[in-house]
Amino acid sequence: MKKIAMLTGGGDCPGLNAVIRGVTRRALAEGWEVVGFRNGWAGVIKNDSFPIDRARVAGILHLGGTILGTSRTNPTDEQLDLIANNLKAAGVTVLVAIGGDDTLSVASRIHKRGVPVVGVPKTIDNDIAGTDQTFGFDTAVNIATEAIDRLHTTAEAHSRVLVVEIMGRQAGWIALYSGIAGGADVVLLPEFPQTLDSICEIIKKRQANGKNFSIVAVAEGFKLEGEKEVLQTDKLDAFGHVRLGGVAERLCKLIEDKTGIESRSVVLGHTQRGGTPTAYDRVLSTRYGVKAAELAISGQTGKLVSLRGQDVIGVDLDPLITQVIDKKTGKPKMRMGNRSVSKELYDLAKVFFG
Ligand code: F6P
């Protein structure tokens, strides 16, 4: 019997369970067996899997998190060999890797070793190359938008500046969309460093126009011009990422000092990743899961499931891999490409600054 295996890797994201259900239902309908590896690549290294049947995916469509568990495990070259051997020994026909740029980079490495793989693009950050949108993004945008709506009333009541820190490590998609949707007065993204003066100027201008409060939506990866990101710790994770955090608090102090307006900061953090996915994300995740199973069943591997316009298609994984410098070793390495906010889109947000 043919067998699909699945794993979820990297930070969790609303819609993971909907993808798992989509893959499972489509594969079972074709008479394939389905298994799940626990906790991302760690599960394949340890050969830790369990069978998934229709009952196991019943009632999970609307649930956040992942029934498979997840981890940020970055396999060494030797572990990649072990992964290939373990998948073969377990009789896996195709592996569906559901994850962000890190997980998909590993998927491409094992595909190069002859393992049939299909990737599904996951991240609330929405910054994966090759697809118009990742699942989980819409949910995060809705959570951040609701937060901005709520911050408006308290900011206005107290005549304060409220600086809200929104997830987005390298790309500011969530801050951009929720900033536009929530009517933030300033939106700050990793892609477009700004000076403190230019930020304070907008706030002072609002004040001069009779607006006694301002909302600043800042992505966690934003940098003041000439500065680096604000870090919680510079310890690197398995994939060479620093842990960001604190940019809202830092800006809040600087803005209060410079403008003399009382200011507060709020960090939305993991609330943006937890809980139930929106209807849009449930549908997108379901489409991704079903498409991943269909690609696997028809033998089209080495593909990433991708939203292009209104269509969900399979695109080649390899051309999406680019060379970057590994922060840990300082050496070049190959990894999944990223997708940034364009200047045109940022200019749209700027129309509403002030
Ligand atoms: O990549 C998704 C993301 O939510 C980023 O926006 C954030 O910087 C990171 O994951 C935080 O992940 P964790 O706290 O799980 O290490």
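Me: A residue counts as near a molecule or strand if one of its heavy atoms lies within 4 Å of it. With that in mind, which residues surround the ligand?

Reply: The shell is made of R72, T123, I124, D125, M167, G168, R169, E220, H270 and R273. Before we go on, remember that this is a predicted model, where local features need pLDDT of at least 70 and side-chain atom pairs count only at pLDDT 80 or more, while totals for chains, interfaces and linings use all residues. Residues are numbered from 1 along each chain as its sequence is written, and side-chain values use heavy atoms, with hydrogens and water left out.

Me: How do the residues of the shell around the ligand divide into nonpolar, polar and charged?

Reply: Here is the sorting rule: Ala, Val, Leu, Ile, Met, Phe, Trp, Tyr, Cys and Pro are nonpolar, Asp, Glu, Lys and Arg are charged, and the others, Gly among them, are polar. Around this ligand, that gives two nonpolar, three polar and five charged residues.

Me: Which oxygen contacts should I look for, starting with R72: how many Å is a polar side-chain atom of R72 from an oxygen atom of the ligand?

Reply: A polar contact is a pair of N or O atoms within 3.5 Å; within protein, one must be able to donate a hydrogen and the other to accept it, and residues adjacent in sequence count only if both atoms are side-chain atoms. For R72, a polar side-chain atom is 2.7 Å from a ligand oxygen. R273 also brings a polar side-chain atom, 2.9 Å from an oxygen atom of the ligand. G168 takes part through its backbone, with an N or O atom 3.4 Å from a ligand oxygen. On its own, the ligand has 400 Å² of accessible area, and the protein covers 79% of that (Shrake-Rupley method with a 1.4 Å probe; for residues, only the protein chains shown count as cover).

Me: Now a torsion angle. What is the phi of N126?

Reply: As a general idea, most residues other than glycine have a negative phi. N126 has a positive phi near 60°, and N126 is not a glycine. You can find N126 in the loop between β5 (117–121) and α5 (137–158) (helices, H or I, of at least four residues and strands, E, of at least two are DSSP runs, numbered from the N terminus). S159 has a positive phi as well, about 55°, and is not a glycine. Look for S159 in the loop between α5 and β6 (161–166).

Me: Are these residues buried or exposed: what about N126?

Reply: Buried means under 20% relative accessible area, exposed means over 50%, and partly exposed is in between (1.4 Å probe, protein chains only). N126 is buried because its relative accessibility is 2%. S159 has 32%, so S159 counts as partly exposed.

Me: Where is T259 found, and which backbone oxygen lies 2.7 Å from its side chain?

Reply: T259 belongs to helix α8 (residues 247–259). A polar atom of its side chain is 2.7 Å from the backbone oxygen of I255. T259 is buried, because its relative accessible area is 9%.

Me: How many residues apart in sequence, and how many Å apart in space, are T103 and P121?

Reply: Try tracing both measures on the model: T103 and P121 are 18 residues apart in sequence and 9.2 Å apart in space, C-alpha to C-alpha. T103 sits in helix α4 (residues 101–112), where T103 is buried at 2% relative accessible area.

Me: Where is S178, and which helix holds it?

Reply: S178 is part of helix α6 (residues 173–182). From S178 to R109 there are 69 residues in sequence and 35 Å in space, C-alpha to C-alpha. The relative accessible area of S178 is 0%, so S178 is buried.

Me: Where in the loops are G15 and V341?

Reply: G15 is in the loop between β1 (3–8) and α1 (16–29), and is buried with a relative accessible area of 0%. V341 is in the loop between β15 (332–336) and α10 (343–350); V341 is buried too, at 5% relative accessibility.
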